[in-house]
Amino acid sequence: MRTITARCLLLAALLLPGFAVSDELTDLLDMSEQLDKQDRQDFTALIEQAESCTRARDFRCSDNALAKAGKLPTNNKDRKRLQLATANLQAARQQVQQEEYAAVKKREAEKTAALEQQQAERKRRRREEEAAWDRERQADAARSSREIAHAFDKMNRDLSGFTAQQNRQMQRTGDLIAQNERSKREAREQEQARAERDRQAARAEADRAQAHRDAQLRADTDRRESEARERERQQQADATRQEADARRAQQESDRLAEAKARAGARDDYLSRVAGGTRLMGKTCFGEQHVLGTLPQITPRAVACVDVHFRAYCPGSSAAISGVIRNMQGMKTGCYGDTARIGHVACQAEALRVEVVAARACE
């Protein structure tokens, strides 16, 4: 701006009558060149400032610098540089928007991945528990098999020892074999029967032990499954209880809000009734009464209204308080809604009556 002003002053000086080309003109031209040079320096500084602000993501700073640079006189090269800086600013703005969008998408993906990881971890723990139960069942079955095999081996060794002893005895008493054949045969049969009973007893004991272990294993499996079902049922019950608590809390909140709204509507209605009620004094049957009319306000938030008032004689500050109970505001004179007041120092018709409040009937 200052170079434009300087050029205007220079042109004005050239147009002055009697102005002669002299050293002063040369000085003015030099000054114009210096101002042009200063403008180019200012333009360059502003462009560099805008680019620096763009790189720093300070877009307001970039806009201000480019706006100031656009007001300076420029050539084609400067205009191209200004356009390039403006384009860089727009590109940086778009990049920031893209980065913000990418960050939002990344956070959503991380949440989804975390949820999937939790589900996979729960499945992995369940598979590990099932594998542990399988290993335990297999180990119990292997122990049972080993115990049964050991029992059979012991029984066979006992039987082999007994048979060897019998053979040695038969060798020593070979001459008595014929005589004692029947007794020995009976003895062998009895021993074999006893051995068979022992084998059957051992087998039955092993079967009972295996059945006990199988029952214990089934009981443990049933207990674990029952505990897992109980945990799941408890979790479902907790979730159901939380939902019920939330519904009760919402219902209580709705109830309080509704009660507050009703109270507000009632108070607003009574306030409007009090503001629109007009009361006056009247002598009825030799007594002094206060009567009046109620405003017609719909809907009626309160079915029954008591109107409280104060009455003053002219020029007096002494108030007489009263209430018109269950006032309907019917214009029937002394036969309508009135309230009898005590003796006052003026005629009832001269009373100034003001409404104090309208309240729900007690």
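Tutor: A disulfide is a pair of cysteine sulfur atoms within 2.5 Å. The model discussed here is predicted.

Student: By this rule, how many disulfides are there?

Tutor: The rule asks for two cysteine sulfur atoms within 2.5 Å. C53 and C61 satisfy it with their sulfur atoms 1.9 Å apart, and C313 and C346 do so with S to S at 2.2 Å. Applied to the model, the rule gives a count of 4 disulfides.

Student: Which pattern do the disulfides of the protein chain follow?

Tutor: The bonded cysteines are counted along the chain, and each link is written as a pair of those counts. The pattern is 1-2, 3-6, 4-8, 5-7.

Student: Is C61 buried or exposed?

Tutor: Buried means under 20% relative accessible area. The bonded partner of C61 is C53, which counts as buried at 10% relative accessibility. C61 has 16% relative accessibility, so it counts as buried.

Student: What is the handedness of the link of C284 and C334, and which parts does the pair tie together?

Tutor: The sulfur atoms of C284 and C334 are 1.9 Å apart. With -80° about the S-S bond, their link is left-handed. C284 lies in strand 1 (residues 278-284) and C334 in a loop, so the pair ties together parts 50 residues apart in sequence: strand 1 and the loop between strand 4 (320-324) and strand 5 (338-340).

Student: Why is the disulfide of C313 and C346 described as left-handed or right-handed, and how many residues apart in sequence are the parts that the pair ties together?

Tutor: The torsion about the S-S bond of C313 and C346 is about -85°, so this disulfide is left-handed. C313 lies in the loop between strand 3 (305-312) and strand 4, while C346 lies in the loop between strand 5 and strand 6 (352-360). The pair therefore ties together parts whose separation in sequence is 33 residues.

Student: Which strands stand at the edges of the open sheet of 3 strands?

Tutor: The strand order is 1-2-5, with antiparallel pairing. Each edge strand has a single partner strand, so one side of it is left without a neighbour in the sheet. The strands at the edges are strand 1 and strand 5.

Student: Which residue in strand 5 stands opposite V290?

Tutor: Strand 2 (residues 287-293) pairs with strand 5 in the antiparallel sense over 3 bridges. Opposite V290, in strand 5, stands A339.

Note on methods:
Residues numbered from 1 in each chain as written. Predicted model: local features only at pLDDT ≥ 70, side-chain atom pairs only at ≥ 80, totals over all residues. Heavy atoms only, no water. Buried < 20%, exposed > 50% of the residue type's maximum accessible area, 1.4 Å probe, protein only. Helix = DSSP H or I, 4+ residues; strand = E, 2+ residues; numbered from the N terminus. Pairing = 2+ DSSP bridges.
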